Amino acid sequence: MTSAEEGSRRHKNKSKSTSSFASSIIEKIRQSHPHDHDVMIYTDLPTFRQVYSQATKEALERSEIVLLTTTYDSFQRVIDSLKQVGVSANKEVKHGNLIILDAVKAYQIDVLGVLNFAKSLLMRAAKDGKAGVFNISDMGSFFLADRIPTLVEYERSLQKKMDIELKSVCSYHKGDFENLSKEQQESILSAHNRIISA
Amino acid sequence: MKDFPSSSRGKPSSALKGHFRVLLVDDDPDIVRVLKRGLEAKGFMVDAYDYPQEAIKSFMPNVHDLAILDIRMPGLNGFTLYRQMKKIDPSLTACFLSAFEIHPEEFKQVFPSMTESVKTIIKKPVTMSNLIKEINPFLRISAAARARKGEHFLIAFETRQELIEQSLQFLKTGLLENGEDILLVSDGLPKDRIREKIAKEWNVDASTLEANGRITLMTFREWHQIDDKFDIKRSKTMMTNMVRKSIEEGRKGLRSVGDMNPFFSTGMIQQLLAWESSLEKQFEWPVTSLCAYIRDNIEQLDNSAIKVMQQRHNRIIGAANKK
């Protein structure tokens, strides 16, 4: 068996346990409130797909605008994952209810890019009578760009309870998070209101 | 003969299968499975991984002609993986895959340390024919980067521009990394343009190095046809003297590129064969010699000429087999 085949088998075995992990995380995200700056550590991409898809679906159902930044899943993959849970992704994007951004461009060109964009969405949400803005961001772009000190500084710059009415979930792949030093991990975790993991 | 599988020129002959060994790493097992199968069908040997951590654990130097690495992999991304692999195998050539597009200026801004290493990002999803088209230049780069001391080898490039660019890269490695003197015999660019490129891209004083004999630039006529007479013996003597001088002055030998296109443009095919026949497949002296051809020219040669090429070169890269 080749390494790739071994990998595929591992993925299949993993997917069996993915749903229960994802359900537990989704339940915690469901309890988010405006101003919350939460952090989520996800174990693998299939789990994260389930989480962001379901959380996006529920936020859209609550009439919130969703801002989703992706590092590892292509736009098409995000759209496909959303469609799988019944979100009319293309329609929601077209109507401005769902914004999908490449996390590399969203964070690494201007580290405050996502935050500033979220503020503009909050204003639009208020104007359009929307319920609010839900943001789920994969923070992997900081690892890709090798900007860990910037990541820590950025997370520390946000309050646990933000002064804007944004619901925000900063998401980390376990493999990325474990590449941080203990001190960096603690620094990031302590900058958040809730730590969401299964 | 080591051929490049081609999407437009038919399947490579079965005798060529398995010559290029590629390392493929992507965290998406579906992509790994499809690309592995496709590359193998095109004659490559493929070591594929959907866990980058496993790829680096198994990685050995001088095994793979090319690494194809996905950029966005959690835990160990393609750039970090590449840097770790380069520590183990400094001559590794890699190209990168991504499902995302990024403007070159943005790339420079976000990944300044990778700007030199990443020439192209192959956009996923990619068809097999496009993948082959994209990786072929990297395989030629790799072939030149893996040149061994004493080797007389042939690369067939697709274009004149690629020939010049890759030849200069090959010579740069010799001069700056190996301590070799370098010789370029080419009509591909005027000498002043080559000097300018060397000075600008290698950050060296090309004129001084030329005056000291570290760099020698010659036209086809200066090397092969002084006084309009084709004289193999004289050309070989010049080469021998350059190697001798390099050794005597404490350097590591000679690295040379011969741009063979003028043989074709002047109709000197018999002289070309005579010249190639005069050179050893493996030099006993510290000479590493790249014979740089354009693929279209090579394909004009008949079977007996191809046979000479095969007999006189240690490796032939990028030329199709005659049926």
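Tutor: Let's start with a term: helices (H or I, at least four residues) and strands (E, at least two) are DSSP runs, numbered from the N terminus. With that, Ser74(A) can be placed in the loop between strand E2 (64–70) and helix H3 (75–84) of chain A. Residues are numbered from 1 along each chain as written, with chains lettered from A and ligands numbered from 1 in the order they are written. This is a predicted model: local features need pLDDT of at least 70 and side-chain atom pairs count only at pLDDT 80 or more, while totals for chains, interfaces and linings use all residues.

Student: Is Ser74(A) buried or exposed?

Tutor: The rule counts other C-beta atoms within 10 Å of a residue's own, with C-beta atoms placed from the backbone: 20 or more is buried, 12 or fewer is exposed, and in between is partly exposed. Ser74(A) counts as partly exposed because it has 18 C-beta neighbours inside 10 Å.

Student: And what does Ser74(A) touch, leaving out residues up to four places away in sequence?

Tutor: Two residues are in contact if their C-beta atoms, again placed from the backbone, lie within 7 Å. On that basis Ser74(A) touches Ala99(B) and Phe100(B).

Student: How many residues does each chain put into the contact between A and B?

Tutor: Chain A brings 22 residues and chain B brings 21 residues. H1(A) gives the most to chain A's side, with five residues. For the chemistry, Ala, Val, Leu, Ile, Met, Phe, Trp, Tyr, Cys and Pro count as nonpolar, Asp, Glu, Lys and Arg as charged, and the others, Gly among them, as polar. The side of chain A that touches chain B then splits into eight nonpolar, eleven polar and three charged residues.

Student: What can I say about chain A as a whole?

Tutor: Chain A has ten helices and six strands. Take the radius of gyration over C-alpha atoms and compare it with the globule rule, 2.2 Å times the number of residues to the power 0.38. For 198 residues a compact globule would come out near 16 Å, and chain A, at 16 Å, agrees. Buried residues make up 44% of those 198. Of the contacts in chain A with a separation of 6 or more, 83% are between residues 24 or more positions apart.

Student: Where does the largest nonpolar core lie?

Tutor: The general idea is that nonpolar side chains tend to be buried together in soluble globular proteins. A nonpolar core here is a set of buried Ala, Val, Leu, Ile, Met, Phe, Trp, Tyr and Cys residues joined through C-beta atoms within 7 Å. The largest one has 131 residues, and Leu66(B) and Ile155(B) have the most contacts inside it. Helix H5 (residues 128–145) of chain B gives the most to this core, with eight residues. Domain 1 (14–142) and domain 2 (148–317) of chain B both contribute, so the core lies between them. Those bounds come from an automatic or database domain assignment. The C-alpha centres of the two domains lie 30 Å apart.

Student: Which strands pair with E10(B)?

Tutor: Two strands pair if DSSP finds at least two bridges between them. Strand E6 (residues 152–157) of chain B runs parallel to E10(B) over six bridges, with His152(B) bridged to Ser289(B). Strand E9 (residues 254–259) of chain B is also parallel to E10(B), through six bridges, and there Leu254(B) partners Val287(B). As for burial, eight of the eight residues of E10(B) (287–294) are buried.
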